[in-house]
Amino acid sequence: MLPSIHHGASYSMQLARKFVVLTAAGVLLTGCQNNLVNNQPLPTSASQTEAQVSPAATRNKLIGEADALAESHQSAQAINSDDLWQLTREHMQLNLDQPNSRLQKQFEWYKKHPEYMQRVTTRAGRYYYYILHEVLKRKMPAEIALLPIVESAYDPFAYSHGRAAGPWQFIPSTAKHFGLKSTWWYDGRRDIIASTDAALDYLQQLHRRFDDWELALAAYNCGGGTVSKAIRRNKNKGLATDFWSLNLPKETRAYVPKLLAISRLIRDAQQAQLTIAPLANRPVFEQVELDSQIDLAQAAELSSISTQELYQLNPGFNRWATDPDGPHRLLIPSASAEQFRHQLAALPAEQRVNWSRHKIRSGDTISTIAAKYQTTSAVIRHANKLTNNTIRAGHYLLIPSAKHESSEYSLSQSQRFNRKQNQLASSNRTKTSYRVKSGDSFWSIARRHNISVAELTAWNQMAPNDPLRAGHTLIIWKTNTQAVLSRSDKQMIRRIGYSVRHGDSLSVIANRFSVSISDIKRWNKLEQSRYLRPGQGLTLYVDITKAH
């Protein structure tokens with residue numbers, strides 16, 4: 001490994017301490033001589049005696065000041081490191097060299113797969129400056145900034161079988177507890193700023209609880225209650241209660257060693273012959289505050305970047321625009337931020353989103369109008385300050401809508417819907433129509449056609465709580481073959497493995513992940529009459545913006 005600034009600073013600290021010790025000794029000797037006349041102590045007043053500081057105290061005070069000065073110098077040098085990986089090495093705090101077989105096993109795996117490390121460290125490039133500096137601001141171990149490699153491979157669109165999403169892999173309940181917002185427009189679990197803040201809050205909370213970073217990391221993975229129970233079990237048996245001694249879930253037993261192994265490999269990259277592209281120690285993006293909703297394609301134009309790049313920096317936004325209820329900010333590349341601010345200031349709020357004026361006709365409902373404009377009933381109600389779904393023919397509604405063609409919004413719901421329809425049309429599925437009858441519900445129709453409610457509503461751009469009107473026509477896609485789902489939409493579709501649990505059924509799993517029963521059968525080649533068994537492995541292809 002290349003010599004680090006940390007080592008140089010430590011040497012400087014040692015020299016400073018030696019110098020101060022010698023200086024302190026000289027000062028103390030001089031002081032002793034000044035207080036002696038003919039080898040007899042001079043008289044002192046009571047106040048002088050009380051104020052007098054012992055030689056040892058003086059020496060310790062001066063050494064402490066020297067240490068503080070050297071540490072301050074070291075910190076300033078470290079923060080100015082040009083390469084973020086070097087900055088990471090200089091602020092590592094965890095024990096990466098413990099002789100443990102689990103740690104060594106993980107280290108050997110990562111060492112044998114340099115292409116994986118190169119891929120994830122490259123992907124981290126957009127976000128690592130921000131995350132590392134947030135970690136260092138809180139005086140947390142720099143290794144924490146590497147945790148998204150274990151959690152999501154630094155992919156903000158990552159989604160797991162446990163319904164965890166984003167770079168820090170929050171499950172819905174934990175996300176809600178830490179204030180991460182989730183709406184039709186936005187998922188805070190994927191927001192780089194919001195999710196990082198929540199994850200670091202959570203980790204610090206766990207560290208205060210366990211007073212040990214390895215236990216805090218384990219609890220981040222399997223829950224604080226699980227770790228506490230394992231500690232109590234060991235205490236009752238008179239056993240050690242460190243992470244390595246606890247009987248924890250299999251995934252957690254590997255989780256902490258993975259982070260330590262990755263950290264060691266980053267630290268010892270040169271000895272391990274791992275080439276990691278340097279990351280400049282300068283901001284990649286800036287936060288730009290907004291005072292209103294804005295169309296994302298328009299924001300990209302104002303910044304002179306692609307909508308793809310804007311979505312990568314702002315992965316929390318699901319649709320074609322920011323959430324009208326916030327967060328009112330965008331992450332913009334540093335080189336474009338000033339241009340964006342200038343052009344945004346010149347653009348009136350009413351021109352930042354396209355508005356259509358719709359005249360209500362007889363037979364119109366909020367849901368049918370929403371489907372026409374590729375939005376939701378809630379959005380229309382919000383825009384028109386409606387408290388319910390009652391509308392009158394002849395009146396007008398204002399509908400917020402995208403300014404550009406759906407192809408401009410690479411990760412928007414509209415673009416995904418069109419791509420999905422094209423995929424379905426070009427596959428071996430058959431498109432059929434179903435005319436809604438009195439008494440029908442999404443659940444009864446989905447069950448009759450062996451599909452999920454989520455799939456049925458998605459095909460028809462409706463929400464499960466939208467009212468169904470007798471006579472309304474729904475689109476249903478029937479599967480004829482066992483062909484596996486096309487994965488052309490790699491941004492939003494994730495292949496995940498799922499282990500069947502007690503009480504699971506095809507219907508339960510389909511609704512949990514917003515896929516169809518027929519798709520689960522097709523992806524896994526399940527026979528029509530086959531029952532699911534606890535522990536059975538399934539492969540699912542999940543659209544992460546529809547799964548919660």
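This dialogue reads two helices in a predicted model.

Me: What does the protein contain in helices and strands, and how many of its residues are buried?

Reply: The protein has 23 helices and 10 strands. Buried means under 20% relative accessible area; by that cut-off, buried residues make up 50% of the 548 residues. The exposed surface comes to about 27,400 Å², with carbon and sulfur atoms supplying 51% of it.

Me: Which share of the contacts joins residues at least 24 apart in sequence?

Reply: Counting contacts between residues at least 6 apart in sequence, 71% join residues at least 24 apart.

Me: How do I read the two sides of a helix such as α16?

Reply: Begin with its span. Helix α16 covers residues 334–345, and its 12 residues reach 17 Å from first C-alpha to last, close to the 16 Å expected at 1.5 Å a residue. Next, list its buried residues: S336, A337, F340 and L344. These lie on the same side of α16 because they cover an arc of only 120° around the axis. On the other side, A335, E338, H342 and A345 are exposed.

Me: Which elements do the buried residues of α16 pack against?

Reply: They pack against strands β3 (285–289) and β4 (329–333), and against helix α14 (296–303).

Me: How many residues of α23 are buried?

Reply: Eight of its eight residues are buried, so helix α23 (residues 517–524) is mostly covered. Among them are the charged-name entries D519, K521 and R522, along with W523. The buried residues of α23 pack against α21 (453–459), α22 (506–513) and β10 (537–543).

Me: What comes just after α23?

Reply: K525, which takes a positive phi of about 50°.

Technical notes. Residues are numbered from 1 along each chain as its sequence is written. This is a predicted model: local features need pLDDT of at least 70, side-chain atom pairs count only at pLDDT 80 or more; totals for chains, interfaces and linings use all residues. Side-chain values use heavy atoms; hydrogens and water are left out. Helices (H or I, at least four residues) and strands (E, at least two) are DSSP runs, numbered from the N terminus. The expected span of a helix is 1.5 Å times one less than its number of residues. Buried means under 20% relative accessible area, exposed over 50%, partly exposed in between (1.4 Å probe, protein chains only). The arc is that of the directions from the helix axis to the C-beta atoms. Contact means heavy atoms within 4.5 Å. Accessible areas come from the Shrake-Rupley method with a 1.4 Å probe; for residues, only the protein chains shown count as cover.
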